[in-house]
Amino acid sequence: MNAIARAIDALNEGFGRLVAPLLAAITLIVIYDIAMRFFIGRPSDWAFDVTKMLFGAHFMLMAAYGLRHHAHVEVDVLKRLLSRRRQAALDLIGYAVFFVPFIILLLVYGGSFFARSFSRGETTYGMVAIPVYPVKAVIVVSAVLLLLQAIAIVIRAFQQLRKEATA
């Protein structure tokens, strides 16, 4: 079980490190667009749509990496007061009751959202018709990565409960 949790951690760590430089590309596109406004007096036709899509993709794709590194908001003030066993039990309940069902809904509805966009060949409405469905596919990929990271957290919580029970 620990090997599965480590493999999930490695997957999300690698994926997060792969996606993180996307922020640099977004920054370069914004700088390009600003330069176009300044020197030519006219922004590019595509930069705003592309940066909006890339930032959304970056945000979504980094969510599992953030969860792996505990970068999301938690109620640590109360959790720190509990024993390790109760912290593990709280993690199990929290992920089983709240997190995993939400992620499954995100996966189901995000999947249909992407499929509809893909089947219609959806594009942006701007001067340049940029395909939208690749960005909507990010919802599904993010949901899968988040679900996997939740599984790793639940595995560790079960291990902690077993460890505390035998101690």
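1. A term to start with, since it is needed further down: a polar contact is a pair of N or O atoms within 3.5 Å, where, within protein, one must be able to donate a hydrogen and the other to accept it. Please also keep in mind that this is a predicted model.

2. Now the overall picture. The protein chain has seven helices and zero strands, so by the DSSP runs its pattern along the sequence reads α-α-α-α-α-α-α. Along the principal axes, the C-alpha atoms fill a box of roughly 70 × 35 × 30 Å. The radius of gyration is 20 Å, whereas a compact globule of 167 residues would come out near 15 Å.

3. On burial and surface: 30% of the 167 residues count as buried. The chain exposes about 10,800 Å², and carbon and sulfur atoms supply 71% of that area. As for how the chain meets itself, 72% of the contacts with a separation of 6 or more are between residues 24 or more positions apart.

4. Helix α2 is a nice one to check by hand. It runs over residues 22-39, and at 1.5 Å a residue its 18 residues should span 26 Å. The end C-alpha atoms of α2 are indeed 26 Å apart, which agrees with that expectation. After the helix comes G41, with a positive phi near 85°.

5. Which residues of α2 are buried? They are I26, I29 and D33. These residues cover an arc of only 65° around the axis, and therefore lie on the same side of α2. The buried residues of α2 pack against α3 (47-61).

6. Do have a look at the other face of α2 too. Turned away from the buried side, this face carries the exposed residues L28, I34, F38 and F39.

7. My last stop is T124, which sits in the loop between α6 (84-120) and α7 (133-166). Is T124 buried or exposed? Its relative accessible area is 13%, and the cut-off for buried is under 20%, so T124 counts as buried.

8. The surroundings of T124 are worth displaying as well. Its side chain reaches the backbone oxygen of V128 at 3.0 Å, which is within the 3.5 Å limit for a polar contact. Setting aside neighbours within four places in sequence, T124 is in contact with D49, M53, A129, I130 and V132.

Notes. Residues are numbered from 1 along each chain as its sequence is written. This is a predicted model: local features need pLDDT of at least 70, side-chain atom pairs count only at pLDDT 80 or more; totals for chains, interfaces and linings use all residues. Side-chain values use heavy atoms; hydrogens and water are left out. Helices (H or I, at least four residues) and strands (E, at least two) are DSSP runs, numbered from the N terminus. The expected span of a helix is 1.5 Å times one less than its number of residues. Buried means under 20% relative accessible area, exposed over 50%, partly exposed in between (1.4 Å probe, protein chains only). The arc is that of the directions from the helix axis to the C-beta atoms. Contact means heavy atoms within 4.5 Å. The radius of gyration is taken over C-alpha atoms; the globule rule is 2.2 Å times the number of residues to the power 0.38. Accessible areas come from the Shrake-Rupley method with a 1.4 Å probe; for residues, only the protein chains shown count as cover.
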